[in-house]
Amino acid sequence: MQRLIDRAKELLASGEVARVLGWKKGDLGFNPEPSYFETAESLDNDFVYDGFCGANLSKYMIEASKKDGKTLVFLKPCDTYSFNQLIKEHRVDREKAYIIGVGCKGKLDIEAIKAMGVKGILEVSGADINSDCETLTVKTLYGDKEVSYNDAMLERCHVCKGKEHQICDEVMLDSRDTKDAERFAEIEKIEAMSPMEKFEFFKKELSKCIRCNACRNVCPACSCRKCVFDSNKFDEATKANVDSFEEKMFHIIRAFHVAGRCTDCGECSRVCPQGIPLHLFNRKFIKDIDTFYGEFQAGEDSETKGPLTAFTFDDVEPSIVTERG
Amino acid sequence: MSMNNEFKPKIVAFCCNWCSYAGADLAGSSRLQYPADVKIIRVPCSCRVNPMFILRAFEKGADGVIMCGCHPGDCHYSTGNYYARRRMTLLFSMLEYLGIENGRTRVEWVSAAEGVKFSTTMNEFVDKIRSLGENVRLGDLRCKD
Amino acid sequence: MYKINKENLSALFSCIADANELYVPCNINGSVNFAAWDEEQLVDLDTLKTVKSPKDAFFPQSETLYSCKRNGKKLSITPEELQNKDFVVFGMKACDVRGLAVLDKVFLVDPVDSYYKARREHGIIVSLACSQPEEACFCNVFGIDASQPEGDVVVYMIGDEMYWNAVTEKGEKLTKQVASLLTDADEAKVEAQKASIKEIVSRLPYSSLSLEGWGKDAVLLDKFNSPIWEELYKPCLACGTCTFVCPTCQCYDIKDYNTGNGVQRYRCWDSCMYSDFTMMAHGNNRTSQMQRYRQRFMHKLVYFPQNNDGMYSCVGCGRCVDKCPIGLNIVKVIKAFEKGGNR
Amino acid sequence: MQRIGVFVCHCGSNIAATVDVKKVVEIISQEPSVVHCEDYQYMCSEAGQAKILDAVKEKNLSGIVVCSCSPRMHEGTFRKAAERAGLNPYMVEIANIREHCSWIHKDMEEATEKAVILARAAIAKVNLNAPLFPGESRVTKRALVIGGGIAGIQTALDIADAGYEVDIVEKTPSIGGRMSQLDKTFPTLDCSACILTPKMVEAAAHEKINIYTYSEVDKVTGFVGDFTVDIRKKARSVDMDKCTGCGVCQEKCPSKKTPSEFNRGLNNRSAIYTPFAQAIPNVPVIDRDACIKFKTGKCGLCEKVCQAGAINYDQVDEIVTEKYGAIVVATGFDTIKLDNYDEYAYNQSKDVITSLELERVMNAAGPTKGHLERLSDGKHPEHIVFVQCVGSRCNDNRGKSYCSKICCMYTAKHAMLIRDKYPDVKVTVFYIDVRTPGKNFDEFYRRAVEEYGVNYIKGQVGKVAPQPDGSLLVQASDLLDNKQIKMKADMVVLATAIEPEASVRGIATMLTASIDTNNFLTESHAKLRPVESPTAGIFLSGVCQGPKDIPETVAQAGAAAVKAIGLLAKDKLLTNPCTAKSDELLCNGCSVCANVCPYGAISYEVVQVNDHGIREDRRVARVNNALCQGCGACTVACPSGAMDLQGFSNRQIIAEVDAICR
Amino acid sequence: MSECTCNHDSFYEDTLIPKVGVVTDIRQETPDVKTFRVVAPDGSKLFEHMPGQCAMVSVPGVGEAMFSITSSPTNKEFQEFSIKKCGVLTDYLHAMEVGEEITVRGPYGNNFPVETELKGKNLLFIAGGIGLAPLRSVINYVLDNRENYGTVDILYGSRSADDLVQLKEIQEVWMKAPNVNVYLTIDREQEGWDGHVGFVPSYLKEIGFDTNKVALICGPPIMIKFVLQGLQEMGFDKKQIITTLELRMKCGVGKCGRCNIGSKYVCKDGPVFHCDELDEIPAEY
């Protein structure tokens with residue numbers, strides 16, 4: 001981590017970058033926040049990069065692209081997909097970014113630790129980026145606990161897309177293989193359910209939705225200046241929470257709007273206060289796109305046309321949905 | 001819902017102006033019957049049909065939504081229906097994934113010359129929706145008073 | 001003071017539900033929230049904090065106010081029925097109950113909100129004393145005693161027993177309803193638990209948070225014009241998570257829903273963090289996210305106390321601390337001002 | 001909110017027999033925003049239209065709904081009526097209660113109920129209609145034809161004869177194209193040069209035609225009626241004005257080792273050359289890659305021998321910028337490369353040739369002066385085998401999936417000509433199918449078989465193996481007799497598939513004209529608009545659109561010309577007002593709309609916006625109304641809803657949905 | 001009116017529930033301002049109000065917005081709203097016809113202190129454009145209770161002569177009332193206008209009022225800013241100046257959290273403020 005700070009200070013001092021976009025220490029040791037740093041002093045005091053720095057900073061680059069001078073941004077391998085996609089959509093300015101591809105050993109989910117019944121967490125050690133990432137020691141109000149690092153990881157890290165940065169100016173720190181699950185396994189499980197089971201499953205999940213828009217606002221693909229659900233363009237500006245339809249509409253359309261653009265960065269699921277596995281929507285589209293139109297990973301590059309803005313003459317017919325049973 | 005026990009489904013059909021709407025006109029001038037449950041909305045091209053429109057129809061109480069366009073390759077705008085085809089495939093697949101009966105949505109390519117196909121398609125679709133019954137899984141309760 | 005063995009809780013709920021609507025914390029697909037009780041529900045009284053506060057039992061996220069029908073050029077208006085049946089909210093925590101006191105200051109002052117008032121009158125609160133406060137809790141800062149909540153009935157979970165203490169008339173009435181399931185108990189264990197909770201509270205990371213410079217004596221314009229806000233708001237996503245999990249946030253929107261047969265005018269929770277919150281046809285008084293961010297905390301820590309005899313519009317439940325997607329929260333705001341000399 | 005008048009048509013009894021028109025009027029009158037509602041026998045009649053005019057005046061209507069027959073029938077009529085009444089014509093909506101209601105339902109109650117719902121949907125839509133105004137754009141009365149083959153020449157002549165200026169851009173040193181390489185033409189066996197040359201001369205002499213040879217299109221901007229094109233005139237190194245075309249320079253040129261493009265590489269040409277004798281312009285060019293002067297700096301012989309002093313080694317490429325109202329693409333074709341077809345030994349044996357090479361061999365001006373001989377040893381062949389469908393109708397990835405269309409006929413022609421001139425030569429043709437649709441085509445083919453004794457075998461050639469004795473062993477299967485055949489041949493002629501000229505892809509990109517996976521330019525409608533590109537103002541002539549023979553090419557060239565003339569004849573273009581429109585405050589500038597636009601109608605620009613007090617520079621989409629055809633693909637692709645379609649807006653369609661589902 | 005089947009103590013107990021109002025008169029004031037007269041379906045007045053108060057006008061399904069009541073409480077028959085076209089709801093209202101029904105709830109907010117502080121005082125009204133709407137209520141109240149007040153000066157300006165609201169009433173009633181001076185001005189020269197030309201603040205300086213008055217001002221923010229400056233230069237104390245803020249509200253009852261400026265709710269603590277009060281609240285209006 002000190003290497004990151006030193007490099008950032010170097011780039012600041014040389015005038016190469018005007019500011020640094022990274023993570024700032026939280027007040028509980030496990031709640032860092034995205035932050036801009038403009039001085040060496042603030043980097044020394046507040047900068048942090050550890051297992052809890054899950055936030056994908058690429059979306060902040062939309063605003064940073066409007067500022068004068070370059071912004072140094074730290075992107076994890078999976079974040080670089082989002083950044084590429086944002087370049088493709090002309091939402092960020094590559095010239096305004098100095099990207100340090102920062103290594104990642106799997107990001108932690110404090111909710112996952114809590115779900116193990118750990119209460120009153122005061123401190124988590126073992127989350128340091130230089131640690132071996134095997135065990136976390138959790139100091140709590142009610143005694144110390146040990147937790148396996150992998151068990152405490154975010155869902156997305158279990159289906160990690162890999163250690164490669166898709167775009168960056170330099171790479172720092174090592175990454176670790178964290179993939180231990182099949183990306184589409186959950187989707188296939190649901191697909192195998194009966195229609196009634198599927199319906200009940202999603203109804204239950206979506207009944208938890210409180211329309212707080214955290215999923216949307218954190219999503220690098222949802223970069224619209226004004227969401228359709230906030231504008232009057234479709235007469236759908238509703239904030240009600242009446243029965244499940246509203247949420248269904250919101251989540252289907254949201255997933256549809258990011259289909260072919262979603263890099264599966266997993267931020268939506270990470271931030272949902274109700275723990276709704278929102279990636280199940282986006283990943284379903286990804287799976288379908290892969291099956292119907294050939295494998296496609298959004299954000300692998302910044303030029304290829306997305307699958308919904310392309311076609312072939314012999315694409316499958318919509319009736320495939322019925323026919324495949 | 002009417003009190004007599006026969007279920008009268010609400011069905012919205014989006015038809016592209018150049019092929020399917022003309023096909024529906026031909027069905028009409030050929031006096032080919034299909035149930036009055038089907039109401040047609042004219043759009044310039046199948047690629048104008050936003051998934052939002054389809055969900056909106058279900059929200060407001062539609063029991064089935066069908067989209068008709070020119071046959072692939074015959075689009076008046078040359079490529080519109082190719083985009084529509086991808087969009088609808090993905091949307092329908094998503095609806096099925098969410099546990100919505102997959103017969104409630106359908107895409108059919110109907111040319112201006114296919115009046116017969118238009119009416120057969122609509123008859124089939126209405127039958128299908130009747131067999132599925134009222135749409136309860138999608139739809140806003142507030143619209144059901 | 002009465003008690004009941006935990007094994008009999010289901011019978012207790014069933015008994016309460018016979019005469020009242022009953023809301024209890026339930027685990028639904030992994031998230032614990034207050035929900036209408038039935039046999040099928042997975043009741044969870046161990047989880048300290050529900051994701052959403054129980055405020056929506058009194059101030060629902062969406063509620064229809066009235067319906068309008070148009071007949072030709074004529075309009076008719078049918079107000080929505082008010083709550084007219086008693087209901088019980090079981091398991092509210094000390095902070096949640098205090099949250100209602102905050103809402104009361106908003107909805108029960110003139111002009112009284114009759115929808116809220118009806119729910120308050122018919123609502124019976126069975127509060128549950130905290131047994132394991134967690135890291136984000138700081139209710140003590142606002143003078144709330146986690147071990148001794150307010151409410152109509154206060155219950156304490158101790159070992160295999162749940163202790164039951166009716167505090168108000170409503171509480172007595174409810175106690176009578178379920179009397180057959182309760183046995184007499186003494187207060188020794190309850191007192192012991194209270195003492196141990198107090199000790200834990202003193203060790204909480206936020207327990208010594210200082211509110212100096214805030215509240216009704218705050219210098220409003222100093223705080224308002226402080227440059228600190230410019231630093232604080234930047235990572236904010238402008239989502240409504242903090243607002244919607246908060247037990248005291250009461251901002252709402254009034255909207256129309258066209259059902260096809262008429263218009264339902266409903267109100268729903270809204271967030272002052274949303275970019276379109278103050279957007280009106282003829283202008284917007286808070287155009288930047290900094291302004292909106294500042295509004296939320298100024299309201300909780302300055303405006304509200306100044307209008308309500310020093311009562312803060314924050315009860316230290318810590319939900320926003322737990323749930324903010326990017327780690328911002330009210331505590332960080334208070335601390336930032338502390339560092340900046342409270343200006 | 002509009003003040004809407006609703007007019008319900010009886011259409012005699014067509015509607016009134018199944019729809020209770022009076023009841024529809026009664027119910028619809030109660031709808032909010034409806035201030036006038038009446039029924040009439042025939043709304044489309046003069047009297048019916050007069051009712052609209054009266055009501056607009058009396059009730060100050062702002063929107064009109066006519067419940068009648070299909071809008072495809074009378075929408076125009078009622079729009080005009082509205083216009084006469086002083087309303088914007090786009091404030092009219094039609095509820096189709098005839099084709100979509102009365103004619104297909106029997107039950108009166110049911111049909112009436114549906115008619116009411118359809119009327120409500122139309123009312124809901126009109127409520128959100130806004131006046132629309134067709135835009136205008138000026139038309140530059142000049143056309144550009146890209147490609148100077150028979151297609152381009154014919155198109156240019158037809159346009160020029162109609163009185164409009166035409167420029168032809170041809171990338172080779174002469175116009176004439178593929179047809180100039182042909183010997184004879186089917187089905188009448190005219191000499192190709194004899195019928196082409198006069199056309200070339202006519203084009204060159206035409207006062208309205210300006211020919212840029214040895215030139216390419218560099219850049220295209222603008223849109224229908226108003227294109228701006230940069231033409232790169234490549235340095236010819238010969239002054240066009242001074243050269244007399246005497247040809248001495250070519251004779252004296254010491255560099256004579258460059259394969260002749262015109263003769264398909266079967267012989268060589270000099271570094272300074274005209275491709276063929278009848279070339280127009282008859283001015284040579286210096287091939288700088290071959291020229292000794294350019295390579296070493298020494299030589300300069302041509303300059304010395306040129307009495308006209310036309311040689312100019314210092315010429316540089318010149319860019320000419322010109323404005324056009326219409327552009328015709330006539331880029332033609334080439335034969336495919338045969339690298340994937342080793343089994344035919346094309347690269348191993350000089351005696352395996354393509355049909356186009358055979359044309360040159362048989363041509364009196366060709367490498368053999370028109371004598372049929374083996375290119376390896378100059379011997380007279382005894383047996384020639386023709387192989388059909390080489391790379392055409394191919395279901396693997398080696399060739400093309402389509403039929404090249406011309407091969408069956410030219411092979412019959414070749415076979416016939418050979419048999420006619422050299423009756424001793426045996427000719428065998430291996431075919432999959434013989435396709436001869438066309439006037440006098442099948443008769444032509446039958447003559448080859450019946451009169452000239454050409455041996456047609458249905459079967460595929462598996463291998464052509466050069467033998468040590470210089471002959472070729474052809475192994476094939478006979479599909480009719482179901483047996484394997486081996487035969488010796490002296491020459492093998494491959495009917496090689498044709499494909500669009502390679503440069504067309506770049507041109508299509510510049511023109512934003514759509515192109516298919518085979519690089520053929522896409523027509524706007526396969527049946528109804530076969531010579532128009534979906535991109536307005538771009539027309540297609542000849543094989544660039546799909547395989548064609550000469551008569552078809554000429555016919556299509558004329559058709560393309562007529563379409564171009566139709567455009568040029570207008571002073572101004574009225575554009576369809578139902579076009580997409582982007583709300584710049586909501587636009588993300590993400591380009592997704594441009595990616596799906598088939599017409600290249602969307603571009604981006606950076607503008608300063610004032611978004612509720614926030615002033616910033618933003619990249620936003622701009623729709624060119626002259627190009628947009630209003631399909632709406634962009635509106636669905638746009639996630640923010642910034643892009644909307646006028647006349648079929650999101651809100652309008654949603655209002656219709658709501659009205660139907662209510 | 002429909003039979004009430006609900007269990008509200010009285011039909012209109014909750015102030016969020018509106019009353020149905022019938023539009024009985026529509027006057028086109030300027031190209032984009034119309035004045036709507038509204039009464040209850042039985043012909044009675046919807047409610048009683050005080051000058052400066054406002055009410056929520058709504059077309060169900062279209063929208064709801066706060067407008068100041070421009071008619072005077074002394075009018076015993078109806079309420080009036082002068083409404084400028086600026087959005088979906090106002091577009092709809094402008095397309096409406098006499099006889100149509102809308103909903104109205106209110107009155108909301110505080111009022112100009114006509115019965116207390118202003119009694120016996122000399123009054124100076126300064127308005128710009130549609131800003132006359134709230135002041136008109138006060139002016140007519142004052143004219144109808146003329147004996148309770150001192151001198152009345154009215155300075156009113158607009159972009160052009162066509163944009164002067166209530167011109168007929170100004171000319172026929174106010175100008176003819178005893179002890180009332182009306183000063184009209186428009187921003188730019190215009191054919192057929194022989195009155196004063198110039199912005200309100202500069203006209204104010206030209207006239208130069210003495211300070212033994214209370215000034216009531218309303219208009220666009222830029223006008224208020226310069227009028228305030230002008231008045232202070234003339235020696236007015238901020239306490240002597242009363243204004244009314246823009247009505248950016250939703251609930252009207254001080255609960256929804258939108259219109260607050262600092263700890264003040266415009267809908268409840270306002271919209272009428274003394275200018276010295278404005279100094280104490282954040283500049284978010």
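How much of chain E, with its 285 residues, counts as buried? Keep that in mind as we walk through this predicted model.

**Stop one: chain E.** Select chain E and colour by secondary structure: you should find 6 helices and 15 strands. Its radius of gyration is 19 Å, close to the 19 Å from the globule rule for 285 residues, so chain E is as compact as a globular protein of that length. Turn the C-alpha trace along its principal axes and the span is about 60 × 45 × 35 Å. As for the opening question, 52% of the residues of chain E count as buried. Now look at contacts between residues at least 6 apart in sequence: in chain E, 71% of them join residues at least 24 apart.

**Stop two: chain C.** Hide chain E and select chain C, where 11 helices and 14 strands await. Here the radius of gyration is 21 Å, close to the 20 Å that the globule rule gives for 343 residues, so chain C too is as compact as a globular protein of that length. Its C-alpha atoms fill a box of roughly 65 × 60 × 40 Å along the principal axes. Of the 343 residues in chain C, 54% are buried.

**Stop three: where D meets B.** Show chains B and D together: 40 residues of chain D are in contact with 38 residues of chain B. On the chain D side, highlight α3 (71-84), α4 (98-102), α5 (108-127), α17 (633-637) and α18 (650-661), each of which supplies at least two residues. The largest share, 8 residues, comes from α18(D). Finally, colour this side of chain D by residue class to see 20 nonpolar, 12 polar and 8 charged residues.

Definitions and conventions. Residues are numbered from 1 along each chain as its sequence is written. Chains are lettered from A and ligands numbered from 1 in the order in which they are written. This is a predicted model: local features need pLDDT of at least 70, side-chain atom pairs count only at pLDDT 80 or more; totals for chains, interfaces and linings use all residues. Two residues are in contact if their C-beta atoms, placed from the backbone, lie within 7 Å. Helices (H or I, at least four residues) and strands (E, at least two) are DSSP runs, numbered from the N terminus. Ala, Val, Leu, Ile, Met, Phe, Trp, Tyr, Cys and Pro count as nonpolar, Asp, Glu, Lys and Arg as charged, and the others, Gly among them, as polar. The radius of gyration is taken over C-alpha atoms; the globule rule is 2.2 Å times the number of residues to the power 0.38. A residue is buried if 20 or more other C-beta atoms lie within 10 Å of its own, exposed if 12 or fewer, and partly exposed in between; C-beta atoms are placed from the backbone.
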